[in-house]
Amino acid sequence: MANQYAMPLLTPCKVGGKLELSHRVVLAPMTRCRSYGNVPQPHAVLYYTQRATSGGLLITEATGVSATAQGSRAYPETPGIWTQEQVEAWKPIVDAVHRKGALFICQLWHVGRVSTHDFQPDGLSPVSSTDKQITPDNSGMVYSKPRRLRTDEIPQIVDDFRRSARNAIEAGFDGVEIHGAHGYLLEQFMKDSANDRTDQYGGSLENRCRFAVEVIDAVVAEIGAHRVGIRLSPFLDFMDCVDSNPEALGSYMVQQLNKHPGFLHCHMVEPRMAIIEGRRQISHGLLPFRKAFNGTFIAAGGYDREEGNQVVANGYADLVAYGRLFLANPDLPKRFELDAPMNKYDRSTFYTQDPVVGYTDYPFLDEHGDESTSPPPA
């Protein structure tokens, strides 16, 4: 990219000590709801390759690790990677991204109680750290009352993550990102608002984080630390998941990651994305974690071009993950390079099941840096 050293976001970076990136603009994981029957579809080839650049890093949408991992009515048709059919469906998508020269990481997901009976095998209750139901919000979404996982059932969930990580490598991914954020199963254990257990997985901070640490250890043992990252959101209060001491939670988890030399990355969400009273004003709360973590640090949460350049220049983050901006601007690194205008995203099409609209129909710049009328072919 032209004049790359004048723009911090467009400078090279090495991730996990092994993966070489040509720039620091990361495609954030975003639920897209276009994987019919939980199987990735051919139209995902175009979606991901549109956003792939030589030396760029893409993280997939959240991808389920088992039949019980699937989410609620708000997020239908999400992909999985627990069956061989799903693995085979991912392979051409991964291959196409690699042909563009990009690196591709699969985000592994279990929603826990953020689900309903009709999304669960045989209509059973969703599983969680607790039997407390998520409080219905103004959207009218009602999640089913969960079933508290028995202590002896937790190793099976850990193994689901391990096997899915192995499946991801079989599908050709460069690594995996464990989804430990946004109120899903790992956070339901980690955060004290959602964990009311009295066994070795509840109570103290160490106990509440035990499940997440076991998942990390198992996945690292299966595919190597250099292929394993994690996403964390200690400050968020999404889906009734909030912690009374997010700083301590984030710090403890970083300490656990540092026990694995060469761990791929730590990906954290800014506290300004939380809705806790008084926390929204905290723009940059991740610096202590970035300083404590020994590897590549990714920051996410409402970043634009100017702020992204600033945090990379200041050493606050190594990489910056972009969600909505990258969704609406598949050529985002080029737009950043040229300081070109941005397409506006259409929130109403974020979670529809249309294979084109709101998915692969956002326009690109042409070779002169002007708005094109249609996306280029993959």
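**Close-up 1. Asp354 and its surroundings.** With a relative accessibility of 32%, Asp354 counts as partly exposed in this predicted model, because that value falls between the 20% limit for buried and the 50% limit for exposed. Look for Asp354 in the segment that follows helix 10. Leaving aside residues up to four places away in sequence, Asp354 touches Arg34, Tyr36 and Tyr359. As a yardstick for the wider view, Gly180 and Asp354 are 28 Å apart in space, C-alpha to C-alpha, and 174 residues apart in sequence.

**Close-up 2. A cluster of rings that includes Tyr359.** Tyr359, one of the residues touched by Asp354, also belongs to a cluster joined by ring pairs. The other members of this cluster are Tyr47, Tyr48, Trp90, Phe104 and Phe173.

**Close-up 3. Strand 11 and its two neighbours.** Strand 11 covers residues 265–269, and five of its five residues are buried, so the strand is largely enclosed by the rest of the structure. In a regular strand, side chains alternate between the two faces of the sheet. Here, His265, His267 and Val269 point one way, while Cys266 and Met268 point the other way. Strand 10 (residues 228–232) pairs with strand 11 in the parallel sense over four bridges, and Ile230 stands opposite Cys266. Between these two strands the chain passes through helix 6, making a right-handed β-α-β crossover. Strand 12 (residues 296–300) also pairs with strand 11 in the parallel sense, over five bridges. Within that pairing, Ala300 of strand 12 is the bridge partner of Val269.

**Close-up 4. Helix 6, the connection in the crossover.** Helix 6 spans residues 246–257. Its twelve residues reach 17 Å from the first C-alpha to the last, close to the 16 Å expected at 1.5 Å a residue. Which residues of helix 6 are buried? They are Pro246, Leu249, Gly250, Tyr252, Met253, Val254, Gln256 and Leu257. What covers the buried residues of helix 6? The cover includes strand 10 and strand 11, along with helix 4 (185–190), helix 5 (205–223) and helix 7 (287–292).

**Close-up 5. Two aromatic pairs.** Searching the whole structure gives 13 aromatic pairs. One of them joins Phe235 and Phe289 in a tilted arrangement, with 6.1 Å from centre to centre and 50° between the planes. Phe235 sits in the loop between strand 10 and helix 6, and Phe289 in helix 7, so their pair ties together parts that are 54 residues apart in sequence. Phe235 counts as buried at 3% relative accessibility, and Phe289 is buried too, with a relative accessible area of 2%. Turn next to Tyr322 and Phe336, whose ring centres are 5.2 Å apart and whose planes meet at 65°, so this pair is edge-to-face. Tyr322 belongs to strand 13 (residues 319–322) and Phe336 to helix 10 (residues 332–338), so the pair ties together parts that are 14 residues apart in sequence. Tyr322 is buried, with a relative accessible area of 1%, and Phe336 is buried with a value of 0%.

**Close-up 6. Arg272 over the ring of Tyr303.** This last view shows a charge meeting an aromatic ring: the charged end of Arg272 sits over the ring of Tyr303. That charged end is 4.8 Å from the ring centre.

How values were computed:
Residues numbered from 1 in each chain as written. Predicted model: local features only at pLDDT ≥ 70, side-chain atom pairs only at ≥ 80, totals over all residues. Heavy atoms only, no water. Buried < 20%, exposed > 50% of the residue type's maximum accessible area, 1.4 Å probe, protein only. Pairing = 2+ DSSP bridges. Right-handed = clockwise from strand over helix to strand, strands pointing away. Expected span 1.5 Å × (residues − 1). Contact = heavy atoms within 4.5 Å. Phe/Tyr/Trp six-rings, centres within 6.5 Å; stacked < 30°, edge-to-face > 60°. Lys NZ or Arg CZ within 6 Å of the ring centre and 35° of its normal.
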